[in-house]
Amino acid sequence: MAERRFEVARLPGFATVAVATFVMLYLPIATLVTFSFNAGSSIAVWEGFSLHWYADAWNNQAVKDATVRSLVIAVWAAMISTTVATLAALGTTRRAAFKGETFIYVAINQPLMVPEIVTAVALMILFGMVKVATGYQGLGYLILAHSAFCIPFAYLPIRARLEGMDLSLESAAADLYASPWQTFRFVTLPLLGPGILAGAMLAFVISLDDVIITEFVKSGGQDTLPTYMLGQMRRTMTPEVNAISTALLALTVVLLTAFFLLTRKKG
Amino acid sequence: MTEAVTIEARNAVKAFGQGEHVVRALDDVSIQIRKGEFFTLLGPSGCGKTTLLRLIAGFEMPTSGTILLDGADITDLPPNKRPVNTVFQSYALFPHLTVAENVGFGLTMQGRPKAEVSKRVAEMLALVKLEPMAGRKVSQLSGGQQQRVALARALAPQPKVLLLDEPLSALDLKLRKEMQVELKRLQTETGITFIFVTHDQEEALTMSDRIGVMSAGKLQQVGSPRDIYTRPVNRFVASFIGETNFLPATVVPGGVRLSTGDVVEVATTRPGAVTLTVRPEQVRIVAAGEAGAIAARVKFLVYFGTDTHCHLDLSDGTEVVARVQSPASGEAGIVEGSTVGIRFAPGAAQVLED
């Protein structure tokens, strides 16, 4: 090649650093996945291949309950946060520039900036007062809390999609006799679809994975899968935890792959 | 063509910005566009032509003034309530719909029966010669084909007025020439009033029934292409459309006296100091000293193939350009540095109104 460019790959030690980074990132996960198939009850000593920890987890009523609870909360949180985020994204991109725009962005993305533990304590105190006042003890608190911190995750891909959309498409629809509602229904929404789906999936994964806020907000017997696993640490750890983690990992990888496929630019 | 007025703007003003930064994109424009005509709004970018188009479409509200359609005030109607359709500069085709769905969009939104929509879509696709493309996505079409889809989509609901916002600017020269012919054909076949926005004076001259020349938010002149070209009212119109010569002059009985002292016969109602304009192709080169001819010296010649531009100096240094047919150059004895006489073709010289 005639042109000599600066290439990071040619620097001494590049390969070493790259390999070390990948090992640090993926070796723990590989170990976790490997020991989920351990025949013995140790999470550190290999005693042969078996699927029985998956079967154990599957038949464990506490795991089943926590899984269902996690999924219910994640589905609700994804739906609520995506709806709110879609409205917020429309509100911040489909209007003329206004004073305080930056403030609105900061407000919407607040959960990304405030330390999660602070939000967790604040919600515990507030919901505690509501619980006393109303007597309601259900999953609503967790759903509400999850919905709130999922909003920025849903908001970002939706807003990115809206900003990439040609405004003249909506003008064209209005010009062709579409009412504002029809314009939204037949032009904006279909074009926004992939962004909304991507936002919903991201929100779902974020909700599924949450420990800190859930731990503080949940009432007795409201363990989600992550808080159930945290609880297991107080007892003897068995590869059952590995099996649950591996299943969770598989689900997340599938969803994030779908998210990537939906948000990448069409080539 | 009837004289009935389709679109009328009365004292339309559109101001952007606030306080000291107010820009009048449209400054008190009044215009009447007749039913069934091909009307072109011509002007440089930023002259307000697109703003006027957006007021007619309903995308913008005038700061003051009214827009009328067939005599009825439509100033406050939103775009979806106006029987006016637009061909956008960027085409703005819906990427998630097929060609046929794009063309049928307006009719569907109007709630027309499905059978009528599909019949009309087929007609429109035939009109723009795109029947085989009906089921394609718009991203699978070439620029010229997308342009045709945009036209078919805007024409399908049979609007009273079709607005075209520089629709040919994204096409290459050859395609642009084809589309000019195509647009003129569509306008004749459908009989719909076309309001066409462009900054290309040649496009305006070849396609329009009438042209409105705009500059700095104001309408400078409205007239047929021939009117605009041969009788420009001011310096802006004269220089924006084609090339021209400007000669300072003073009004005298029966004509004007040039700064060289020569008198040119021309009708004018204005007194005092004026500007005389004459197109280069209307300047005749004659033998030096011929009676009534203005003395000039040939500064240099520029060869253009079919014709040659002769840059001449009058006795007081005023520059005049004459365009002569190329074969004549040698025969007429036009050589750089020689002294000749010039005459203006009868009726060709005009006194500008301001």
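This talk goes through a predicted model with chains A and B, taking the annotated regions, then the two sheets of chain B, and then the contact between the chains.

Let me begin with chain A, and with what the record says about it. UniProt, in an unreviewed entry, lists residues 12-37, 71-91, 103-127, 139-158, 186-208 and 243-262 of chain A under "transmembrane region". Taking two of these as examples, residues 71-91 of chain A are 100% helix and 0% strand in the model, with the end C-alpha atoms 30 Å apart, and residues 243-262 of chain A are likewise 100% helix and 0% strand, with 29 Å between the end C-alpha atoms. The unreviewed entry also carries the annotation "domain: ABC transmembrane type-1", which covers residues 67-262 of chain A. Over that span, 67-262 of chain A, the model has 81% helix and 0% strand, and the end C-alpha atoms lie 26 Å apart.

Chain B has its own annotation, again from an unreviewed UniProt entry, namely "domain: ABC transporter" over residues 7-241 of chain B. In the model, residues 7-241 of chain B are 36% helix and 26% strand, and the C-alpha atoms at the two ends are 25 Å apart.

Now to the sheets of chain B. One of them is an open sheet of four strands, in the order β2-β1-β4-β5 of chain B, with antiparallel pairing. Its edges are β2 (23-34) and β5 (72-73) of chain B, each of which pairs on one side only. As a general reminder, the strands of a sheet pair through backbone hydrogen bonds, either parallel or antiparallel.

How many bridges hold β1(B) and β2(B) in their antiparallel pairing? The count is eight bridges between β1(B) and β2(B), and as one example of the register, B:Ala9 has B:Ile31 in β2(B) as its bridge partner. These two strands, β1(B) and β2(B), form a hairpin with six residues between them, and in the turn B:Gly17 has a positive phi of about 90°. At the other end of the strand order, β4 (residues 64-69) of chain B is joined to β5(B) by two bridges, the strands running antiparallel, with B:Leu69 standing opposite B:Ala72 in β5(B). Helix α1 (residues 49-57) of chain B lies across β1 (5-16), β2 and β4 of chain B, and runs at about 115° to β1(B).

The other sheet I want to show is an open one of five strands, in the order β15-β19-β16-β17-β18 of chain B, and its pairing is antiparallel. The edge strands here are β15 (283-286) and β18 (319-325) of chain B, each pairing on one side only, and the twist averages 45° from one strand to the next.

Within this sheet, strand β16 (residues 294-303) of chain B pairs with two neighbours that I can describe in turn. Towards β19 (residues 339-344) of chain B there are four bridges, with the strands antiparallel; B:Ala295 stands opposite B:Gly341 in β19(B), and B:Ala296 stands opposite B:Val340 in β19(B). Towards β17 (residues 307-314) of chain B there are seven bridges, also in the antiparallel sense, and B:Arg297 stands opposite B:Asp313 in β17(B). The hairpin of β16(B) and β17(B) has three residues between the strands, and in it B:Gly305 takes a positive phi near 95°.

Next, the interface. Here 23 residues of chain B are in contact with 18 residues of chain A, and the area buried between the two chains is about 1700 Å², of which carbon and sulfur atoms give 66%. Which three residues supply more of the area that chain B buries against chain A than any other three? They are B:Asn80, B:His96 and B:Met109, with 35% of that area. On the side of chain B that touches chain A, the elements giving two or more residues are β6 (84-87) and α2 (99-109) of chain B. Across this interface the rule finds zero salt bridges, but it does find six residue pairs in polar contact, both residues being at pLDDT 80 or more.

Finally, salt bridges overall: the count over all chains comes to 28. One example is B:Arg120 with B:Glu123, whose closest N and O atoms are 2.9 Å apart. The two residues, B:Arg120 and B:Glu123, are separated by about one helical turn, because they are three residues apart in helix α3 (residues 114-127) of chain B.

Technical notes: Residues are numbered from 1 along each chain as its sequence is written. Chains are lettered from A and ligands numbered from 1 in the order in which they are written. This is a predicted model: local features need pLDDT of at least 70, side-chain atom pairs count only at pLDDT 80 or more; totals for chains, interfaces and linings use all residues. Side-chain values use heavy atoms; hydrogens and water are left out. UniProt positions are given in the numbering used here, feature names are shortened, and annotations may be inferred rather than shown by experiment. Two strands pair if DSSP finds at least two bridges between them. Axes are lines fitted to C-alpha atoms, for helices over the stretch in contact, and angles run from 0 to 180 degrees between N-to-C directions. Contact means heavy atoms within 4.5 Å. Buried area is the accessible area (1.4 Å probe) that two parts lose on being put together, summed over both. A salt bridge is a side-chain nitrogen of Lys or Arg within 4 Å of a carboxyl oxygen of Asp or Glu. A polar contact is a pair of N or O atoms within 3.5 Å; within protein, one must be able to donate a hydrogen and the other to accept it, and residues adjacent in sequence count only if both atoms are side-chain atoms.
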